[in-house]
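Take a look at the model below. Keep it in view while you read.

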Amino acid sequence: MALEDATSGIDIASPTNGLSSQRPSMSLSKSPSAPYPRSPASKDASRWQRGTTAATAAKPLKPFATEDIRILLLENVNQTGRDILAAQGYQVDFLKTSLPEDELVKRIRDVHVIGIRSKTQLTARVLREARNLIVIGCFCIGTNQVDTQYAAKHGIAVFNSPFSNSRSVAELVIGEVIALARQLGDRSNELHKGTWNKVSTGCWEIRGKTLGIIGYGHIGSQLSVLAEAMGMTVVFYDVVNLMALGTAKQVPTLETLLGVTDFVTCHVPELPETHHMIGQVQFEQMKHGSYLINASRGSVIDIPALIDAMRAGKLAGAALDVYPAEPGGNGDYFTTDLNLWAEDLRSLKNIILTPHIGGSTEEAQSAIGIEVSEALVRYVNEGCTLGAVNMPEVNLRFLTMEEENHVRVIYIHHNVPGVLRKVNEILGDHNVDKQTTDSRGDVAYLMADISDVNASVIKDLYQRLESLSSRIMTRVLY
């Protein structure tokens with residue numbers, strides 16, 4: 001496509017993904033009229049870096065023509081997020097479900113941005129076909145469904161929402177603590193079948209009981225406050241020393257926590273170190289008649305060992321919201337075809353089974369939609385990586401409307417010696433107003449704002465940066 005005048009905006013992106021992919025030709029277009037969202041106030045670094053006076057208007061940078069930015073949103077991403085992306089003028093395709101891998105491979109080839117939740121698996125095979133992809137938005141807490149290392153090595157940033165649903169999960173757990181203590185699930189099921197069974201044996205108040213929290217992060221710490229408000233004593237175990245909220249106390253080992261608590265709840269990430277973190281040995285260490293809750297990741301609990309502990313009477317109840325294998329959509333899929341122990345698990349008394357709904361509230365999904373969509377807009381329009389889970393966190397203060405003939409260069413490259421010298425030899429012929437760079441493992445991320453440029457200069461900068469052997473992806477925002 002022919003270059004237009006230098007008052008337009010461009011993005012040129014060229015990832016190295018091992019394919020002879022056909023990238024969009026360099027194009028210029030006018031900046032979008034819609035104001036793009038600002039960083040959420042909770043991100044202090046971003047807020048301070050981007051602060052400005054009312055008299056200084058931020059210049060909206062531009063990738064290429066916004067109607068050329070193609071976004072695929074899967075798994076019923078909340079309307080708030082869809083609205084933010086559509087307001088930018090992007091082409092937004094929306095599906096309520098996840099896609100099988102073969103179909104996903106076909107759909108991802110032409111999109112620049114993909115938004116998913118927890119069911120879609122972005123494997124290396126899928127990402128190899130994503131010849132135009134520059135960023136992934138995980139509209140959830142976890143990112144284990146994405147091959148984040150492969151994405152980083154090919155210049156694809158990944159964003160998530162690490163704490164927007166923390167309150168929803170914490171409230172679910174408190175509700176389950178009460179429901180287990182009073183055997184509400186069994187009593188409700190019985191009455192649904194017409195059986196009146198008014199009993200008090202084995203039913204307890206939670207006031208005065210001890211809650212043990214494994215993982216004292218965003219969810220665990222909020223849960224700690226809620227539990228204390230209910231009159232519970234709180235202890236927690238974490239791999240790092242953390243400041244306790246209220247009167248909660250950190251214990252030195254998992255075994256210590258299991259031996260003193262009436263209710264144990266897990267809030268840890270899915271890692272090799274947390275696989276079957278609670279198994280036969282740990283169930284033996286728990287108090288007789290205690291309860292277990294897991295709203296973290298399905299691999300954390302050895303479920304056959306849990307079934308044995310329940311049948312032996314070691315545990316008085318359990319609540320599970322996550323499972324090692326989960327269906328890709330709603331329906332009658334939670335069977336032995338999915339998990340061999342499913343029927344045994346369903347047959348237990350005083351066990352609450354929920355379909356991964358910890359963060360499934362209107363408030364949480366709205367907040368996640370806003371947080372992740374704003375991060376995607378900032379990355380597409382400005383190159384800001386604050387909050388990325390697989391890239392160095394880099395940002396530059398925004399350009400102002402008075403800075404008309406400025407260009408922002410983003411150079412994602414292999415973290416090897418001598419790159420900065422070669423990059424600065426290219427940039428050194430121009431007036432670099434500001435520049436920053438950082439690295440994370442094998443990947444480095446450089447941003448620079450250059451003044452007094454025109455279309456031919458922009459094209460030359462791009463082509464010279466693209467010619468460097470260290471290049472992973474070059475983007476130019478104008």
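What follows is a short walk through two loop residues and one pair of helices.

Remember that this is a predicted model. Start with asparagine 76. Find it in the loop between strand S1 (70-73) and helix H2 (79-87). Its phi is near 60°, a positive value in a residue other than glycine. Is asparagine 76 buried or exposed? Asparagine 76 has a relative accessible area of 36%. Values from 20% to 50% fall between buried and exposed, so asparagine 76 counts as partly exposed.

Now go to aspartate 452. This residue sits in the loop that runs between strand S15 (443-451) and helix H15 (455-466). Aspartate 452 is not glycine, and its phi is positive too, near 55°. Its relative accessible area is 63%. The cut-off for exposed is over 50%, so aspartate 452 counts as exposed.

Next, return to helix H2. Its partner here is helix H13 (residues 362-382), and the two axes come within 7 Å. How do they cross? The angle is roughly 25°. Angles under 35 degrees count as roughly parallel, so H2 is roughly parallel to H13. The crossing of the two helices is right-handed.

Which residues meet? From H2 come Thr80, Gly81, Arg82, Ile84 and Leu85. From H13 come Gln365, Ser366, Gly369, Ile370, Ser373, Glu374, Leu376 and Val377. The contact of H2 with H13 is mixed in character: five of its residues are nonpolar, six are polar and two are charged.

Technical notes. Residues are numbered from 1 along each chain as its sequence is written. This is a predicted model: local features need pLDDT of at least 70, side-chain atom pairs count only at pLDDT 80 or more; totals for chains, interfaces and linings use all residues. Side-chain values use heavy atoms; hydrogens and water are left out. Helices (H or I, at least four residues) and strands (E, at least two) are DSSP runs, numbered from the N terminus. Buried means under 20% relative accessible area, exposed over 50%, partly exposed in between (1.4 Å probe, protein chains only). Axes are lines fitted to C-alpha atoms, for helices over the stretch in contact, and angles run from 0 to 180 degrees between N-to-C directions. Angles under 35 degrees count as roughly parallel, over 145 as roughly antiparallel, 65 to 115 as roughly perpendicular and the rest as oblique. A crossing is left-handed if the near helix is turned anticlockwise from the far one by less than a right angle, and right-handed if clockwise. Contact means heavy atoms within 4.5 Å. Ala, Val, Leu, Ile, Met, Phe, Trp, Tyr, Cys and Pro count as nonpolar, Asp, Glu, Lys and Arg as charged, and the others, Gly among them, as polar.
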